[in-house]
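Work through these exercises with the sequence and the 3D view side by side. Try each task before reading its solution.

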Amino acid sequence: MALAFTVGITSVVQARSNGELALVTGDAFLTGVISLTTGLAILVVIVAVRGPSRRALIHEVPAALRDGRLRWWHFLGGIGGALYIGSQAVTVPLLGVAVFTVSYVAGVTGMSLLVDRWGFGPGGSRA
């Protein structure tokens, strides 16, 4: 819970900085590329220096792809991240951080209820 709360706090900072970056660059898509590239660079460094992550990337991921445990749709999370960043860059300068965040949380909550009910999550169906 504390980690989720902390991520919530940092997402407000992210929304603000991406909105401002979009105003400076004049391009929400470029803002998304800059933001996602920065995040990718940080994650690459973490995976490179963290033994379990490095081993999983080299050994577990290819094996999971070969034997079918890892499927193409498992990689769709990146699309969600790109849409999130892009929508921040477009809407935060127009609506502000608070309205963006409330709208985002409403969408996440509504869809999460459906995903849990329909059993699309890894834990199966939840009332």
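**Exercise 1. The core**

Which residues make up the largest nonpolar core, and how many are there in all?

*Solution.* Keep in mind that this is a predicted model.
Step 1: list the members. They are A15, Y84, I85, V92, V97 and F100, 6 residues in all.
Step 2: assign them to elements. α4 and α5 are the elements that give two or more residues to this core.
Step 3: find the largest share. It comes from α4, with 3 residues.
Step 4: follow one core member outward. Leaving aside residues up to four places away in sequence, I85 touches Q14, N18, G32, S35 and L36.

**Exercise 2. Helix α1 against helix α5**

Describe how these two helices cross, and name the residues that meet.

*Solution.* Step 1: locate the helices. α1 covers residues 2-25 and α5 covers residues 97-118.
Step 2: take the geometry. Their axes come within 10 Å and cross at roughly 125 degrees.
Step 3: classify the angle. It lies above the 65 to 115 range for roughly perpendicular and is not over 145, so α1 is oblique to α5.
Step 4: give the hand. α1 passes α5 in a right-handed crossing.
Step 5: name the contact. V12, A15 and R16 in α1 meet V97, F100 and T101 in α5.
Step 6: sort by class. This contact of α1 with α5 has 4 nonpolar residues, 1 polar and 1 charged.

**Exercise 3. Helix α1 against helix α2**

Repeat the analysis for this pair.

*Solution.* Step 1: take the geometry. α2 spans residues 28-49, and α1 packs on α2 at an angle of about 130 degrees, with the axes 8 Å apart.
Step 2: classify. α1 and α2 are therefore oblique to each other.
Step 3: give the hand. The crossing of α1 and α2 is right-handed.
Step 4: name the contact. α1 supplies Q14, N18, L21, A22 and T25, while α2 supplies A28, L30, T31, I34 and S35.
Step 5: sort by class. The contact of α1 with α2 holds 5 nonpolar and 5 polar residues, and no charged ones.

**Exercise 4. The setting of T91**

Place T91 in its helix, then state its exposure and its contacts.

*Solution.* Step 1: find the element. T91 is in helix α4, residues 77-95.
Step 2: judge exposure. Buried needs under 20% and exposed needs over 50%. T91 has 22% relative accessibility, so T91 counts as partly exposed.
Step 3: list contacts. Beyond residues up to four places away in sequence, T91 touches G96 and F100.
Step 4: compare sequence with space. T91 and A22 are 69 residues apart in sequence, and their C-alpha atoms are 9.9 Å apart.

How values were computed: Residues numbered from 1 in each chain as written. Predicted model: local features only at pLDDT ≥ 70, side-chain atom pairs only at ≥ 80, totals over all residues. Heavy atoms only, no water. Helix = DSSP H or I, 4+ residues; strand = E, 2+ residues; numbered from the N terminus. Buried < 20%, exposed > 50% of the residue type's maximum accessible area, 1.4 Å probe, protein only. Contact = heavy atoms within 4.5 Å. Axes fitted to C-alpha atoms, helices over the stretch in contact; angles between N-to-C directions. Parallel < 35°, antiparallel > 145°, perpendicular 65-115°, else oblique. Left-handed = near helix turned anticlockwise from the far one by under 90°. Nonpolar A, V, L, I, M, F, W, Y, C, P; charged D, E, K, R; others polar. Core = buried A, V, L, I, M, F, W, Y, C linked by side-chain atoms within 4.5 Å.
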